[in-house]
Amino acid sequence: MTEDIYQQAVKDLATRASGAGRLDAPDAGAVLDNPLCGDRVALEIGLAGGKVARLAHGTTGCLLCRAAASAMAERAVGMEGAAAAALAGEMAAMLKQGAEPPFPAAAAFLAVQGHKSRHNCVLLPFKALAKALIPPPG
Amino acid sequence: MNRSDFPVLARAGQHYLDNAAMAQCPVQVVRAVMAHEGDGRANIRRGLYALARRADEAYDHARERVAVFLGAEAGEVVFTGGCTQALNLAARALSRRLGPGDEVVTSRLEHHSSCLPWMALAAEKGFALRWLEVTAEGRLDLSNLDAVITPRCKVVAVTHASNVTGAVSDIPRLAEAAHGVGALLLVDGAQMVPHGAVHPRALGADLYAFAGHKVYGPTGIGVLWGQREVLAELEPVSWGGGMVDAVEEKACDWAEPPFRFEAGTPPVAQAVGLATALDWVGSHDWEALATRQATVTRLLLEGLREVPGLRLIGPAGLEDRVPVVSFVIPGFHPHDLAHLLAERGVAVRGGHHCARPLMAALGLAEGSLRVSLAPYNDRTDIEALLSALDHALKVLG
């Protein structure tokens with residue numbers, strides 16, 4: 001049922017809005033949009049030794065995106081670029097291929113598997129994290 | 001209006017309320033397109049054989065029928081691939097004569113297809129782009145028209161009816177302001193034409209565009225109507241077969257309008273389908289349909305007013321509007337609402353509606369939910385929408 005994608009765990013994540021806000025003097029960041037629905041994740045990261053030490057995000061968008069941003073923020077501290085890229089890939093595999101949730105809170109989004117048009121709402125924050133941590137070529 | 005003309009509407013539990021995006025085709029249109037492709041298909045203006053002559057006649061006759069709908073001459077009807085292409089064609093052709101010191105006026109109410117060409121061309125050509133603002137009611141703000149449309153203005157490009165708020169623009173007044181400074185008026189009629197015949201010349205427009213797929217016709221076809229003398233002054237913006245009378249190495253003689261603007265093989269079957277759609281529109285008593293549609297729109301507006309916290313985006317009443325109704329409910333994202341409505345068989349649109357300047361002007365960073373009616377919608381569709389909306393709010397709450 002579509003209502004399952006809005007189960008209480010998802011709503012709780014969105015309400016918690018972990019990481020919402022701004023950082024003073026971020027070391028890295030990324031802004032990603034989902035043009036289909038207008039979701040936007042603006043991510044700021046403070047680094048220590050190349051890993052996430054502090055994180056804040058400004059996320060506007062649907063409930064799924066806001067919940068995913070909250071889950072991402074709760075997971076991201078201590079990550080470096082390769083791990084963030086792998087996490088984004090694992091979230092995509094969970095949604096698109098039925099792979100196991102890469103971390104416990106990600107299980108809240110299992111019901112989104114059957115709703116292809118909403119996959120990017122969940123993936124956007126994880127893609128933003130990977131983009132912020134992995135500098136572009138050159 | 002015979003709902004059985006639309007087989008897709010017979011699907012149980014389905015309520016199509018996204019007509020501003022695309023209207024459904026009556027079977028008459030579908031049959032006309034199939035008949036042409038099955039028994040009348042040949043390229044036009046090229047062959048001498050019987051099938052080619054029949055295709056020529058079908059295409060020419062389609063143009064004449066569109067002209068009748070517009071109260072126009074056939075030579076004033078340019079077939080394009082859609083309204084977006086028509087508006088881009090007009091903007092590109094008009095902007096050839098524009099440069100630094102010139103001004104073009106558009107509005108915050110526009111669909112991207114109407115304003116983005118001018119934004120891009122202003123950057124390219126160096127003319128200034130000025131904006132008519134919108135009122136809190138989602139209408140064009142004409143209170144300072146004379147200040148915005150100045151003697152430097154060469155083109156005014158506005159929508160006839162908003163694809164978000166449903167507000168109908170005062171085209172005659174805009175025409176008067178534009179012509180008063182020697183400017184041309186280009187009108188995006190995509191959301192107006194589905195609701196009855198439009199006579200752009202009588203309204204004062206110089207150029208008028210609309211899309212086939214929004215007026216119960218096929219996709220891939222649109223119309224740019226232009227006053228004969230206006231089209232005659234415009235140069236082509238795409239080049240190829242069928243739009244040139246003579247070709248020399250250093251110069252070409254372009255064909256007369258409308259052919260000058262129809263390079264390449266046109267969407268012949270789609271033109272036949274569009275003409276059939278407009279015949280179908282013209283065959284109805286639109287006064288009676290408008291009355292019926294107003295009743296359904298009133299039901300919608302009254303039902304939405306009962307939803308706690310709901311904010312209507314656009315006129316609250318029935319005057320000077322088309323049946324396009326947008327709204328937001330704080331705390332509930334349009335995309336979430338649209339998804340849950342869809343699962344209950346209610347097809348609406350959630351998002352920015354290709355109208356970002358309007359969203360910014362109205363403070364709608366998250367977009368809105370849009371319900372857009374056609375004459376085949378009725379009370380059962382509204383009841384289904386309101387019930388599904390109530391359910392969606394409970395799920396998300």
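Colleague: Which residue is the bridge partner of B:Val155 in E6(B)?

Modeller: In E6(B), B:Val155 has B:Leu184 as its bridge partner. This is a predicted model, in which local features need pLDDT of at least 70 and side-chain atom pairs count only at pLDDT 80 or more, while totals for chains, interfaces and linings use all residues. Residues are numbered from 1 along each chain as its sequence is written, and chains are lettered from A and ligands numbered from 1 in the order in which they are written.

Colleague: What makes E5(B) and E6(B) a pair, and in which sense do they run?

Modeller: Two strands pair if DSSP finds at least two bridges between them; E5(B) and E6(B) have five, in the parallel sense, so the definition is met. The strands themselves are DSSP runs (E, at least two residues, whereas helices are H or I, at least four), numbered from the N terminus. On strand E3 (residues 103-107) of chain B, three bridges lead to E5(B), also in a parallel arrangement, and there B:Val104 is partnered by B:Val155.

Colleague: How do you know that E5(B) is mostly covered?

Modeller: A residue is buried if 20 or more other C-beta atoms, placed from the backbone, lie within 10 Å of its own, exposed if 12 or fewer, and partly exposed in between. By that count seven of the seven residues of E5(B) are buried. Helix H6 (residues 171-180) of chain B lies across E5(B) and E6(B), at about 150 degrees to E6(B), where angles run from 0 to 180 degrees between the N-to-C directions of lines fitted to C-alpha atoms, for helices over the stretch in contact.

Colleague: Why are E2 and E4 of chain B said to stand at the edges of their sheet?

Modeller: The sheet is open, with seven strands in the order E2-E8-E7-E6-E5-E3-E4 and mixed pairing. Strand E2 (77-80) and strand E4 (128-132) of chain B each have a single partner strand, so one side of each is left without a neighbour in the sheet. Neighbouring strands here are turned by 20 degrees against each other on average, direction ignored. Helix H2 (residues 50-70) of chain B packs on this sheet by touching E2 and E8, its direction making about 115 degrees with that of E2(B). Within the sheet, E7 (residues 207-211) and E8 (residues 222-226) of chain B pair in the antiparallel sense over five bridges, with B:Phe210 opposite B:Val223.

Colleague: What makes the buried residues of H10(B) lie on the same side?

Modeller: The buried residues of H10(B) are B:Gln293, B:Thr297, B:Leu300, B:Leu301 and B:Leu304. They cover an arc of only 95 degrees around the axis, which puts them on the same side of H10(B); the arc is that of the directions from the helix axis to the C-beta atoms. The face turned away from that buried side carries the exposed residues B:Ala288, B:Thr291 and B:Glu302.

Colleague: Against which elements of chain B do the buried residues of H10(B) pack?

Modeller: They pack against strands E11 (311-313), E12 (324-328) and E15 (368-372) and helix H13 (379-396) of chain B. The three strands belong to an open, antiparallel sheet of four in the order E11-E12-E15-E14. E11 and strand E14 (349-351) of chain B stand at its edges, each with a single partner strand, so one side of each is left without a neighbour in the sheet. E14(B) is joined to E15(B) by three antiparallel bridges, and B:Arg349 has B:Arg370 as its partner in E15(B).

Colleague: Why is chain A called as compact as a globular protein of its length?

Modeller: The globule rule is 2.2 Å times the number of residues to the power 0.38, and the radius of gyration is taken over C-alpha atoms. For the 138 residues of chain A the rule gives 14 Å, and the chain's radius of gyration is 14 Å, so it is as compact as a globular protein of that length. Chain A comes to four helices and three strands, in the pattern α-β-β-β-α-α-α along the sequence, and 43% of its residues are buried.

Colleague: How does chain B, with 397 residues, stand against the radius of gyration of a compact globule?

Modeller: A compact globule of that length would have a radius of gyration near 21 Å, and chain B has 22 Å, which agrees. Chain B has 13 helices and 15 strands, and buried residues make up 52% of the chain.

How values were computed:
Two residues are in contact if their C-beta atoms, placed from the backbone, lie within 7 Å.
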